[in-house]
Amino acid sequence: MNKKTVTTILDKKQASEKTTVLTCYDYVMSKLISSQGIDMLLVGDSLGNVKLGYENTLPVTVEDMIYHTKAVKRGNDGALLVTDMPFMSYEISVEDAVKNAARIVKDGGAEAVKIEGGIEIIKQVKAIVDAKIPVVGHLGLTPQAINKFGGFKVQGRTQESRNKLISDAGVLEKAGAFAIVLEAIPERLAKEITERLKIPTIGIGAGRYCDGQVLVVDDMLGMFTDFTPKFVKKYANVGETIKTAVKNYIDEVKEGKFPMEENAYK
Ligand code: KIV
């Protein structure tokens, strides 16, 4: 096993190599994805949508994140394991932020945490990094701010918003973040941020020029179909494969075609 670390991810930017990231929430998927050499597994709070059926990520708890991180850890073969800090686990105080990040690392087994936001949470980022926990930043369409944004809207379209994103990215790098996720922002802005930073940018709906890419695994496999953003590419239609298999199973059981002799104990 070639274990990926924070250093691997930083070195990739220097070598102009792309970093590959997928979200992951359970043991089986962790085994499947990590066996293919992905650089980073992200236990995203998108699990609120795709695994727990919530409308958004706001109800997700630290306990949810720890539970899923433990499962992913057991299946992981070499990827850097990063876990999201959920809504309200870091905003209230620096002390809360460090305590919750520590729980995600100590109890869940994550190797780094991801936090949404810029200058507003910079004290938290610095304190978590000072506590020896690597941090990934997350800027742009940060889903935990959905009520502030008034929906899932592309960010960085006004000059003011562009300037803030550029400044936030610089501030996060200075505070010690080792990578930054850029979500749903114009490609040109993502390119500019990527060129300004020494740390890698990981894009999702941020175009072609980021240092790496991340997708929600259930989106790219065609398993989650409640809504599909424009930036998603479906690499498979696993949802349809599952439906066909289940329909065949139901039919065969009803018709007495399953189980057969070979599936029975003598
Ligand atoms: O929660 C998540 O899955 C994420 C990715 C979309 C980057 O934050």
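This passage walks through the overall fold of the protein and then two of its residues.

The model is a predicted one, so local features were kept only at pLDDT of at least 70 and side-chain atom pairs only at pLDDT 80 or more, while totals for chains, interfaces and linings use all residues. Numbering starts from 1 along each chain as its sequence is written, and side-chain values rest on heavy atoms, with hydrogens and water left out.

Starting with the fold, the protein has 11 helices and eight strands; these are DSSP runs, H or I over at least four residues for helices and E over at least two for strands, numbered from the N terminus. The radius of gyration is 20 Å, close to the 18 Å that the globule rule gives for 266 residues, so the protein is as compact as a globular protein of that length. That radius is taken over C-alpha atoms, and the rule is 2.2 Å times the number of residues to the power 0.38. Along the principal axes, the C-alpha trace spans about 70 × 40 × 35 Å. An automatic or database assignment splits the protein into domain 1 (6-235) and domain 2 (238-266), with C-alpha centres 39 Å apart.

As for packing, 49% of the 266 residues count as buried, meaning under 20% relative accessible area (over 50% is exposed, in between is partly exposed; 1.4 Å probe, protein chains only). Contacts, here heavy atoms within 4.5 Å, often reach far along the chain: among those between residues at least 6 apart in sequence, 57% join residues at least 24 apart. The accessible surface (Shrake-Rupley, 1.4 Å probe) comes to about 13,800 Å², and carbon and sulfur atoms account for 55% of that.

On to the first residue, D39, which sits in the loop between α2 (27-34) and β2 (40-43). D39 counts as buried, at 2% relative accessibility. Its C-alpha lies 6.0 Å from that of V21, although the two residues are 18 apart in sequence. Neighbours within four places in sequence aside, D39 touches K4, I9, K12, K18, T19, T20, A79 and L80.

The other residue, T201, belongs to strand β7 (residues 201-204). T201 is buried too, with a relative accessible area of 0%. With neighbours within four places again set aside, the contacts of T201 are I180, L182, I193, T194, C210, D211 and G212.
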